[in-house]
Amino acid sequence: MAEKKIGRNDPCWCGSGKKYKQCHEAFDKKIYRYALEGHTVPTRNLIKNEEQIQKIRESAKINVAVLDAVAEAIHVGMNTKEINDIVNDVTYSMGGIPAPLNYEGYPYSVCTSVNDQVCHGFPSEDVVLKDGDIINVDASTIKDGYFSDSSRMFCIGNVDPAVKKLVDVTHECVELGLKATKPWSFLGDMAEPVHKHAEENGYSVVQEIGGHGVGLEFHEEPWVSYCTNAGEDMLLVPGMMFTIEPMVNMGSPAVFTDPENDWEVYTVDGRPSAQWEIQVLVTEDGTEVISW
Ligand code: MF3
Ligand code: CO
């Protein structure tokens with residue numbers, strides 16, 4: 001590994017203040033054995049310490065409150081700019097900053113993606129929610145420099161049962177991915193049940209847009225696919241944090257980005273797409289859902 005050599009009695013690289021030999025020495029050796037076997041393994045900067053995790057939990061408190069407030073207010077006839085206003089109000093009143101705003105030039109505080117919009121939908125006064133719509137509201141928050149990120153689907157009024165099923169199955173995909181997330185397993189172990197469950201229901205998973213590490217930055221390594229299989233992709237170890245956020249299409253997995261703004265992503269076949277997102281910490285014995 002290209003990590004700096006640390007003496008056994010030196011302070012651990014994780015910032016715990018403990019001696020290396022009493023902290024992450026055995027952990028590093030274990031990771032090294034996986035690397036020798038040819039696996040992709042996480043670098044140290046992807047391992048969060050307890051102090052950082054606590055700060056990220058504080059950020060997530062705001063993110064969850066934002067989505068709870070949207071859930072309370074969302075209704076037929078509301079426009080998506082009003083959702084953006086709620087996100088701003090709740091986030092700033094709790095001492096946070098909406099992470100999307102100005103992120104790589106993104107012009108709003110939240111993504112609101114309706115029906116065949118796959119992700120990165122722009123809030124707008126012109127997008128008025130109507131009976132039967134489905135919408136993904138994707139909120140991300142910065143608090144004291146720490147990041148949280150999660151999204152939920154909302155069904156507006158009476159949604160066609162076939163479309164409601166897409167929303168529910170996508171939620172089940174995330175739950176199955178969470179259940180399969182374990183320390184000393186692989187991202188592919190998480191991804192396999194996600195895409196299998198979608199495919200068993202006749203749906204497809206978007207391949208070119210995925211999840212990501214998160215916490216110290218909005219988007220960190222690793223990039224997270226939901227199309228890989230058990231044993232593949234990066235090793236998961238305690239202290240890693242990433243999102244489970246598959247985009248599940250009712251029809252073809254093909255998507256395109258609106259060339260007018262280079263952000264809004266749509267299905268090519270015009271059929272609906274659903275997405276739920278949770279932020280997950282890998283712990284010593286399982287997982288902790290940090291934001292949902
Ligand atoms: N919140 C999205 C995600 O889940 C990222 C959107 S990028 C933005 O990763 F700039 F549109 F916010
Ligand atoms: Co995300």
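**Note on the cobalt site and the nonpolar cores**

1. The site of the cobalt ion (ligand 2) is irregular, with angles of 53 to 159 degrees among its six donor atoms. The structure discussed here is a predicted model, and these angles are computed from it.

2. Four residues supply the protein donors of the cobalt ion (ligand 2): Asp-149 through OD, His-212 through NE2, and Glu-245 and Glu-277 through OE. These donors lie 2.0 to 2.3 Å from the ion. Along the sequence, the donor residues follow the spacing D-x62-H-x32-E-x31-E.

3. Asp-149 belongs to strand 5 (residues 146-155) and His-212 to strand 7 (residues 211-213), so this pair ties together parts that are 63 residues apart in sequence. Both Asp-149 and His-212 are buried.

4. The largest nonpolar core comprises 44 residues, of which Trp-13, Met-190, Phe-242 and Ile-244 touch the most other members. Two or more residues each come from helix 1 (25-36), helix 4 (161-179), helix 5 (187-200), strand 9 (241-244) and strand 14 (278-282). Helix 4 makes the greatest contribution to this core, with six residues.

5. Phe-242 deserves separate mention for its contacts. Leaving aside residues up to four places away in sequence, Phe-242 touches the cobalt donor His-212. Its other contacts include Met-190, itself among the core residues named above, as well as Leu-187, Val-214, Leu-236, Ile-278 and Val-280.

6. A second core, separate from the largest one, has 18 residues, among them Ile-83, Leu-129, Phe-154 and Ile-156. In soluble globular proteins, nonpolar side chains tend to be buried together.

Technical notes:
Residues are numbered from 1 along each chain as its sequence is written. Chains are lettered from A and ligands numbered from 1 in the order in which they are written. This is a predicted model: local features need pLDDT of at least 70, side-chain atom pairs count only at pLDDT 80 or more; totals for chains, interfaces and linings use all residues. Side-chain values use heavy atoms; hydrogens and water are left out. Donors are N, O and S atoms within 2.8 Å of the metal (3.2 Å for Na, K and Ca); water is not among the atoms, so sites may look incomplete. Four donors count as tetrahedral if all angles lie between 85 and 135 degrees; four count as square planar and six as octahedral if opposite donors are over 155 degrees apart and all others between 65 and 115; anything else is irregular. Helices (H or I, at least four residues) and strands (E, at least two) are DSSP runs, numbered from the N terminus. Buried means under 20% relative accessible area, exposed over 50%, partly exposed in between (1.4 Å probe, protein chains only). A nonpolar core is a set of buried Ala, Val, Leu, Ile, Met, Phe, Trp, Tyr and Cys residues joined through side-chain atoms within 4.5 Å. Contact means heavy atoms within 4.5 Å.
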